[in-house]
Amino acid sequence: MPYGRYSSSAFGFPVPVRLAWFLQELPSLGLPIILLLCLPQTPPLPHLLLLGAFIAHYMHRTLIFPLLIRGGKPTPFISFALALIFCVYNGYLQGRYLCSYADYSPDWTTEPFFIIGMSMWFIGLVINIHSDHILRNLRKPGETGYQIPRGGLFEYVSGANFLGEIIEWSGFALAGSSVQSAAFAIFTLLVLCSRAQQHHRWYLEKFEDYPKSRKILIPFLY
């Protein structure tokens, strides 16, 4: 669905971009917190760490990311509505599973796949946040139009921010080793791979001097 540079009035009336990001991401933050607070007792450490990772991502996406947006095209209503529906469903799915159905052993946090998965989650989060920072600061004050992203993983791939989020939720799925977390990681991979491919093609068409050595998502993969 179109948003940002691909926004189209054919997909409904425009929703202000900051408001759209806040409202559509809010359920993925609020639902797990509500489910956690409704528990009669504090869940075990593995459950808390996985819930914390999920909540931390959406705390940034809901409360911080919208405030940092500079300008930005409004989001078509249909795109906004579908993103909202996904966040309601996924926020409930991950939160409900980790609060009510997950059954991790006390030593789950010492397992290699948990340690590797949570490390991937953190690395992906950092890549995603840093890449978004680069994108927000492409224009100098008073400038308009699009620029070629430079710095960080953007030197190697067109979709550095997407790559970060794919790594993040792949790590989450590895650490959680559940159908629910795997479903989220696979959905993220499919959607963001398509988005990254669209971005890459757009950059090549928009900028004659766009570095041909940059790949879509995987550095150095020819």
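## A tour in three selections

Select residues 17-37, helix H1. This is a predicted model. H1 has 21 residues and spans 30 Å from its first C-alpha to its last, close to the 30 Å expected at 1.5 Å a residue.

Stay on H1 and go to Leu 26. A kink of about 35° lies there, shortly before the proline Pro 27. Pro 27 is itself buried, and Pro 32 is too. Now show the other buried side of H1: Val 17, Ala 20, Trp 21, Gln 24, Glu 25, Ser 28, Leu 29 and Leu 35. What do the buried residues of H1 pack against? Two strands, E1 (14-15) and E2 (75-76), and two helices, H2 (45-68) and H3 (77-101).

Next, keep H2 and add helix H4, residues 112-136. Their axes come within 12 Å and cross at roughly 5°. Angles under 35 degrees count as roughly parallel, so H2 is roughly parallel to H4. Show side chains at the contact:

- From H2: Leu 49, Leu 50, Ala 53, Ala 56, His 57, His 60, Arg 61, Phe 65 and Leu 68.
- From H4: Phe 114, Met 118, Trp 121, Leu 125, Asn 128, Ile 129, Asp 132 and Arg 136.

Color these by class. The contact has eleven nonpolar, three polar and three charged residues.

Last stop: Ser 177, in the loop between helix H5 (160-176) and helix H6 (179-206). Check its backbone. Phi of Ser 177 is near 45°, a positive value in a residue other than glycine. Most residues other than glycine have a negative phi. Is Ser 177 buried or exposed? Neither label applies: at 44% relative accessibility, Ser 177 counts as partly exposed.

Definitions and conventions. Residues numbered from 1 in each chain as written. Predicted model: local features only at pLDDT ≥ 70, side-chain atom pairs only at ≥ 80, totals over all residues. Heavy atoms only, no water. Helix = DSSP H or I, 4+ residues; strand = E, 2+ residues; numbered from the N terminus. Expected span 1.5 Å × (residues − 1). Bend = angle between axes of the 7 residues up to and from the residue. Buried < 20%, exposed > 50% of the residue type's maximum accessible area, 1.4 Å probe, protein only. Contact = heavy atoms within 4.5 Å. Axes fitted to C-alpha atoms, helices over the stretch in contact; angles between N-to-C directions. Parallel < 35°, antiparallel > 145°, perpendicular 65-115°, else oblique. Nonpolar A, V, L, I, M, F, W, Y, C, P; charged D, E, K, R; others polar.
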